[in-house]
Structure formats: structure tokens, C-alpha cells
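Q: Hey, I'm new to this one. Can you pull it up so we can go through it together?

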Amino acid sequence: MRSDRSELTARFSFEPDRFQLAAFDALDEGYHVVVSAPTGSGKTAVAEYGIAAALAEGRRAFYTAPLKALSNQKFRDLIADHGVERVGLLTGDNSVRPDAPVVVMTTEVLRNMIYAGSEALDDLALVVLDEVHFLQDAYRGPVWEEVIIHLPPEVQLVCLSATVSNADELAEWMSTVRGLTRTVTEGRRPVELLDHYLVADRTNDRLQLMPTFVDGSVNRDALRLDESRQRGPMRNRRGRPTGASGRRLATPDRVETVTHLGQLDMLPCIVFIFSRAQCEAAAQSCLDAGLVLTDPDEAAEIDRILEERIGSLDDADLDALGIENLRAQMMAGFAPHHAGMVPPFKEAVEVCFTRGLIRAVFATETLAVGVNMPARTVVIEKTTKYNGDHHVSLSPAEFTQLTGRAGRRGIDTIGNAVVLWSPWVRYQQVADLASSRTFGLRSVFRPTYNMTANLVRRHSRERARELLMMSFAQFQGDREVVRSQGRLSRRREQLIALEGRAASAYGDIDDYRSLNSRERRDTPSLRPGDVIDIRVQGYRGQVAVVATAHRSDGLRVSAVTPAGRPLTLSAADLSQVTGVVGRIAVPDHQSPNRKDVRREIARRLRRADLPSTRAPRRQSGRHPVEDDPELRDRLRAAADADRLRAELRRLEERVNDRRSSLGREFDSVTSVLRELGHIRAEAWELTEAGELLASIFHENDLLVTEALRRAIFDGLEPAQLAAIVSCFVYEHRSPDDPPPPSFPDGTVRERWRQVEALSEELAKLEEGHERARHRSPDPGFMAAAADWASGMDLSEVLEDDLLTGGDFVRNIRQVIDLTQQIADVATNLETAQVASAAVEACLRGVISDSAAIVEAS
């Protein structure tokens, strides 16, 4: 333990918990630390301790977060702890005191610094990776692994994660790539969580709030209530309706939900609604209903806080953003919160809610990630959401993240998670979701074009592949390989045993099966009533077919002899049949297992006028294996061995695939880059184009780089350039079809066609190298980007109501970020100057004011 531990912990207003002290010990001993604990449990204290220790040694610390909103909040929190001059911020949008001893940044910013070999890393002692479970995010997840692998080895890591079931696995992987890592887990929530199920029973016009679990098991009353819901009118024997059956259940509306929770003293609450438009509609419905959750003093304080946050914004912009409507909602005690709101609005809502002034917030799931807004109650309106492609059910991880906001430490003794009844989701599904509190991290790491270019730039071919193989994805894949190898070993032992049981001392069983397989193709199709000649089981003569069945090992036939003896004939037995010698009538719909039925079939067979028995096939060339008394058992064992061999082949393919999938993907990326001239074909080194690619950090890195190489950005005005850049960053995400694109002028239209053609060219190249296709460019924001860069007022840009203010701000900031990268790397001086002018043209009004608010904080 450090001698100055008491000084480092003096900043805390609480006595550290057991898990926090264990993490402090690990950091003092030089370990990297993975902290897995529920939301609100205080895992951030571990990061704060590590930062204080780094500062005490006169060194620097970085705090990384997945979202800009979370970065902004941590920036404010750390300023409160260490003072304004000692804390900086780097998010792409903002650069505030980047040389400060403590810098908060998004994870991508740190990754870019590592690849650029930034001098800022020279005196770095500690990096905090907050929300490290983001490494399983489909697009952004690989960034966390890149940081962990490539960060200088002397830098200590603190990884903070939600409760995951495989934190030890993550720590074990980190130990292999960075050195000794200790896992610190805390399973207990700081505030007990109770799960509830809220149903609107319209039969008697009342709401029923029921516990989801009773004594640890599903609530039988809730189960019965859900099953009793009206499913349609009852009908009599004549098919006429006799009236409704069951209860008339419904999803509680938003106003009555908040009102009911208020009556039960369960406010403040966060109501999660997975739609920005519906969050707005929910707040508006409360306003229209005349709901008021504040007193005059609280309303005045809310108005003061809101004015503080929006004071620097232009009045015309505020009017365009609907400030007066938001003001009325907030002063009444409720508000929306989503990514479609401009940052000053969101921040005002957050401050008022955390101070207990706003009692209900209608929010999308982005609020559940990191932003410190705990509530007494969390309401989940639906357990399904639209993921940009189709509707999916919430995962246990997502449900845990959302309900983690329930219960304020030091204020509430109990937190409440309320799921609303839905006609589309049964109660049992809700109970199953609520009982699944932990989830395992699965890596989604894969090599990108920019990552590959930087590996080529900094490492030899062998070292680059070696670093790729150090990923968490490969680590997990190798573990799967070990498990699969165990199954392979067991299956091989089983195969040896089956092959032993199939072996016959009378001859080659495989030769016999092969011969039968060829002859089986000539076996006639059989149906009940057919009479065939057979020699099997000590019987030689005619039999009547009474039933047939197709099994995995071939046709199986039930037959009866003239004496009434039942026989079951296998595919091997039938291989000797030369054909049908006649037919008899068999009793319809009668079971051949009955003795009286068999006797009747035998009687008809004896009386039938049929040709005499013919010699069975192969009588003169009889296979020696047929003399084996255990032939049936051996054939069955041989068939089982065949199936086991097929399973072994599948397992071996899976093992080989896991061993080489990352390597194959890396090879496909390098093949694409070689064909495009980014990597020299004769050497492991970047061309000028490859150096350009290594400096472009964007989801569509290769597409942007090729557009630069092919002069698509050249010869444009600033507004035109902003429009073209927007198609690389914008993505239509609504389930509704996008409106037709609007082009500012003919030049932009023509450049868009070039981008579209280039995208298709790259897609074909990727397909040819078995590489996943890049995300297609989207022209849906071109007109708005050009209008804003041309100086148009915000009210005019937003007048078509196709974008919310927050969506507009977010997309313009992304345009600015990518345009600045183009300004930094463009080899055409004129293009670089126009890009810089486009950035300057976009940084005005609500865009620059939102950034200034963060800096002023």
C-alpha cells in the first residue's frame, strides 16, 4: 500500500468499499485492473484514485470514454476535483487544454494519438478505459482492443466495466498482452433493485403494479393476469359471437404511468422509450394533459438553470430549436432527453434532474451509458427496439444497463425497475429478461483498412500478424479451439470404439455396405400390398408388404409371411429384392401389429395366384459377411461411425476456421490495399496513398482516401465541399424510407455520382477478396450541410422538419471533424485551404456555442 494512501483518498466523501480497496491495492502493486461492478456502485472511485496517484508522482493521466456526452461530464467532474487548469478535453469537437496533466478524451482520440506516435504519450502514467464493455460494439469495439494492445507497455490501465460474467477472461487476456492484470468484481448493487410489471386493466379501469418475482420465482398472479387478456370474442357452436372473453388489458399511457408512480412515491423516474420522436411526444402529452410535478420555487430554479445553459445561444436559433416548449415542459417537472437535442438543452435537463427538480425524463437508451443521472425508478416502455435494420428484443446486457439507473446511492433504499405490459411480449419473456442480470463480453475485433495501414507503417509483416493474433477475439477463439479440441478427442475415441464394433471376422463390412449401397439404388419402390421374394432371418420365400418407413439408414419395411409371422426388413435385407412378384389387398386403416389383421393378410397371401419364388439376387455370389450372426449390429455401428466421421469433419473445419479467420481477413484487407496501390506489391511498405490512408480515421476510411486520390474533393467551394463530405458521415437510420436527396447545385450532383460510382467499384473489389462491404455513402444531409456552410440561418435549415436540432448539430460536427482531417492531409494545397474554409464556415452559431459551453464549464 502506498504511504500516501490516506492523502489520495481524502477527496472521497465516503468510506471506500471492499472492492474499491482491493482495486487500490492492485494499482499500488503495479497491476493493471479490470473492475466489473453494477452501475452506481462506485467503480469510478478506482479511476479517481489512479489519477490522483499519477498526479502525485508528477505524471499525466488520460480518462477515455465511449461517448462525447460522457467525456464532457467527466471533464466537469474532474475539474471539480483537480481545478480548471489541471484538466483538459479532447473529443474531436473540442480541444481544451490538451497539455493538461489530466485529459479526458474519447477512446478514438487516444487510438489516433498512439498511431501518430504523439509526444503526449511520453510522460503518461495511467489510462482509464471507461465502459470497456463497449469492446463488443459492432463498429467501435475494435478501438478498445487497439488501445490495449498498442499503448506503451509502461502505462498502467484501469478498465471499468458493467457487470459481466467473463471479467476474469478479459483480465487473463490483458495479462498476456500487457502484463499482470487483476480482476476486481462487485456483484452487489449499492441499492437493492425490485422488478415490477405495470398493467392497465381496462376491464375495471385501473392500473396494477405487480412484483415481477415473488420469493425468487415468477409472480403467478402476474402470469395469470397476462394469460387472461382478451384474445377475441367467444363464439357459440353456430359460430356466432357471444361477447368478449378475458380481461381487456392495455399498455399504460405515459401520463397515467408518471401520475401513478407519483402517487406511489416512486418518482423521480426515467422512462426509456427507444424513439427520439416518441420521447418528444411523451413530454408533450404530459404538458397537454396539464401535469405539474413542481412547485413555483422549483419552476423558477429550473428556469434559472436553463437560462445559464442557453444564455450564449442566439435568440433566433433558440426559437428554431423550440426553446419555449422545452421551457414549459421542464418548469412543469418533466422533459425529453435524447441525442436529437442540442447539447445545452440536454445538459440543462441533466442538471435539473440530478438536483431533483425534474421528476420525469423520457429518454432513449443513450442516457443509460455513463451519464450520471440515477433515478428512484426506471420504466421500460417496451422490451423491443429498432436497431437500424429491424426490431429486436433487448439483450440481458441492455436490460441490465437500463435498469442500472434505478436507485440513488445515499438517497434511496430501494430502486425500482418497471416494465409496462405489452400485447406483443408475454409476461414470461419479461421475467426471463429481468432474471438475466449478467452477460459475457464477446470480441468483435477485425482488421480495418486504417488499422492495417498503420500496422504496415510501424511493424514488419511478421510483427503485424503477431499483433493481430494478440487480439481478444483471437484469445477467445483459441479458447474455443481448446474446447473444440476436447470434443474432437472424445469423438475420436468414440469412433475407434464404433469401428471396432463394426468390424466383422467374416469379411470386409465396408465392401459389403458399398455393394449394398450400389444395389439399393435398384431396389424397387414398395407400398402396402406388394408381394416380394426375400431371404432373411432364416426365412426364404414370399412376404406381403404391410407398411414402409424411410429412416436415416434407408428404407424399412414391415411384412407378413404366409404363416402370419411378422418381419421387419432393413435396407440391407431389401438389397436382395429383384422386384415385386404380385399384389394382394390389405385391410385399410388396420394396424398390422394386431394378430387378427396379420392372420387375414397371411390368408390372402396363401390364396393369391402368384408366380413361384425366384432365387434371390446374389445367391451364387453371396458375400461372406452375410454369414455373420451379428451383421445387423455391425451395420448399425458402421452407420453410426459414418455420422461421427461427418461430425468430426465439421469440428475440424470449425477449429481451422477459428485458428485462421483473423489471418484470412487480414490477408483480404492487405490484398485490397495492394490492388489499389496502398501497399507496394514487392515490399511490405506503404505507398504515398497508403500514408494518406493511415492518417484518415473514419468508418469509411478507404472510401474517403480514394475520393481524395481521385480529386473528387478538388475544385469545390467551401459549401460544396461540406456537402460532399456529409455523404461519408450521414446515415439515414429511421425505419421509414428516406426522402429523395436534394442537391445544392449541378456540381455537387455530379461529384455525388462520382462518389457513388467509386463506392460500387470498391464494393466489387471487396467482394472479389471476400471482404465485408463498406457502409454505402448517403446523400441525405447534403443540402443541409451546404446551406449551413453557406451562412443560412438555423431556422431556415430546419424548416422542413426533416432533422431535429440535435441531429443537425451532431451531423455538422461530424462533417467538421472529417473536413478538418481532409484539410490536414490533402496534398492539393487549394483543396486543403477550401477544407479549412469549410470548417470555419460551419463553426458558427449553435455549433460553436455548444462547444463553448463545454469549455466554459
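Q: What sits over the ring of Y31?
A: The charged end of R182, 4.0 Å from the ring centre. A charge counts as over a ring if NZ of Lys or CZ of Arg is within 6 Å of the ring centre and within 35 degrees of the ring normal.

Q: And what lies over the face of W788?
A: That's R844, at 3.6 Å from the ring centre.

Q: Before we go on, where do these values come from?
A: This is a predicted model, where local features need pLDDT of at least 70 and side-chain atom pairs count only at pLDDT 80 or more, while totals for chains, interfaces and linings use all residues. Residues are numbered from 1 along each chain as its sequence is written, and side-chain values use heavy atoms, with hydrogens and water left out.

Q: OK, rings next. How many aromatic pairs are there?
A: The structure has 12. Rings of Phe, Tyr and Trp (its six-membered ring) pair if their centres lie within 6.5 Å; planes under 30 degrees apart are stacked, over 60 edge-to-face, and the rest tilted.

Q: Which kind is F24 with Y49?
A: Stacked, because the centres are 4.2 Å apart and the planes are at 20°. F24 is in helix α2 (residues 18-28) and Y49 in helix α3, so the pair ties together parts 25 residues apart in sequence. Helices here are DSSP runs (H or I, at least four residues), numbered from the N terminus.

Q: Are those two buried or exposed?
A: Both F24 and Y49 are buried, meaning under 20% relative accessible area (exposed is over 50%, partly exposed in between, with a 1.4 Å probe and protein chains only).

Q: Which residues make up the cluster they belong to?
A: F12, F14, F24 and Y49, linked by ring pairs.

Q: Switching topic: how many disulfides?
A: 0. A disulfide would need a pair of cysteine sulfur atoms within 2.5 Å.

Q: Why doesn't C269 bond with C286?
A: Because the sulfur of C286, the closest cysteine sulfur to that of C269, is 8.8 Å away, too far for a bond. C269 is buried too, with a relative accessible area of 0%.

Q: Last thing, the second largest pocket. Which residues lie nearest its centre?
A: G40, T44, D77, N372 and P374, out of 48 lining residues. α4 gives the most to that lining, with 6 residues.

Q: What counts as a pocket, by the way?
A: On a 1 Å grid over the protein atoms alone, it's an open set of points where a 1.4 Å probe fits, with protein on both sides within 12 Å along at least five of seven lines; lining residues have an atom within 4 Å of a point.

Notes. Helix = DSSP H or I, 4+ residues; strand = E, 2+ residues; numbered from the N terminus.
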